[in-house]
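User: I would like a close look at one part of the following model, with cut-offs stated for each term.

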Amino acid sequence: QVQLVESGGGLVQPGGSLRLSCAASGSIFSINTMGWYRQAPGKQRELVARFTSGGRTNYADSVKGRFTISGDNAKNTVYLQMNSLKPEDTAVYYCNVHIVLLSTGYDYWGQGTQVTVSS
């Protein structure tokens, strides 16, 4: 089992910045990927940014150059720095951990944090 606790969402004006945090605890030794997804009203959940098992990063094209994912291994925490926010970034943001145990994958999700970009 993995527990994920998110923080950092809120209301921000277009062009503003926010930083999301996600702290992981539990069976984190088998983490394959860790990152952020988002879901806007009426839309499917989509990848925003994540660390892969090789330590590389993946970003959605829509956030490249504006969002940065980083991590603190000592705190088992990942961050999402979001700059130059746009109204279309408005969504619930979810932290995700993908674990592989005995060749079976498991996904764990945080509770979600609302990000609203509006003037």
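Which residues form a nonpolar patch on the surface, and what accessible area do they have together? Please then set the patch against the surroundings of R38.

Analyst: The model is predicted: local features require pLDDT of at least 70 and side-chain atom pairs pLDDT 80 or more, whereas totals for chains, interfaces and linings use all residues. Residues are numbered from 1 along each chain as its sequence is written, and side-chain values use heavy atoms, without hydrogens or water.

The nonpolar surface patch consists of F29, L101, L102 and Y106, which together have about 510 Å² of accessible area. Such patches take residues with over 30% relative accessible area and no salt bridge, joining nonpolar side chains (Val, Leu, Ile, Met, Phe, Trp, Tyr) within 5 Å and like charges within 9 Å. Areas follow the Shrake-Rupley method with a 1.4 Å probe, and for residues only the protein chains shown count as cover. Y106 belongs to strand β10 (residues 104-109), strands being DSSP runs (E, at least two residues; helices are H or I, at least four) numbered from the N terminus. Y106 is partly exposed because its relative accessibility is 37%; buried means under 20%, exposed over 50%, and partly exposed in between (1.4 Å probe, protein chains only).

R38, by contrast, counts as buried because its relative accessibility is 6%. R38 is part of strand β4 (residues 31-39). Beyond neighbours within four places in sequence, its contacts (heavy atoms within 4.5 Å) include Q44, E46, F67, D89 and Y93. Its side chain makes a polar contact of 2.9 Å with that of Y93; this term denotes N or O atoms within 3.5 Å, where, within protein, one can donate a hydrogen and the other accept it, and residues adjacent in sequence count only if both atoms are side-chain atoms.

R38 and D89 also meet in a salt bridge at 3.0 Å, N to O, defined as a side-chain nitrogen of Lys or Arg within 4 Å of a carboxyl oxygen of Asp or Glu. This pair links distant parts of the chain, with D89 in the loop between β8 (77-82) and β9, 51 residues from R38. D89 forms a further salt bridge with R66, at 2.7 Å. R66 lies in the loop between β6 (57-59) and β7 (67-72), 23 residues from D89. Salt bridges with shared partners join R38, E46, R66 and D89 into one network. D89 counts as buried because its relative accessibility is 1%, as does R66 at 10%.
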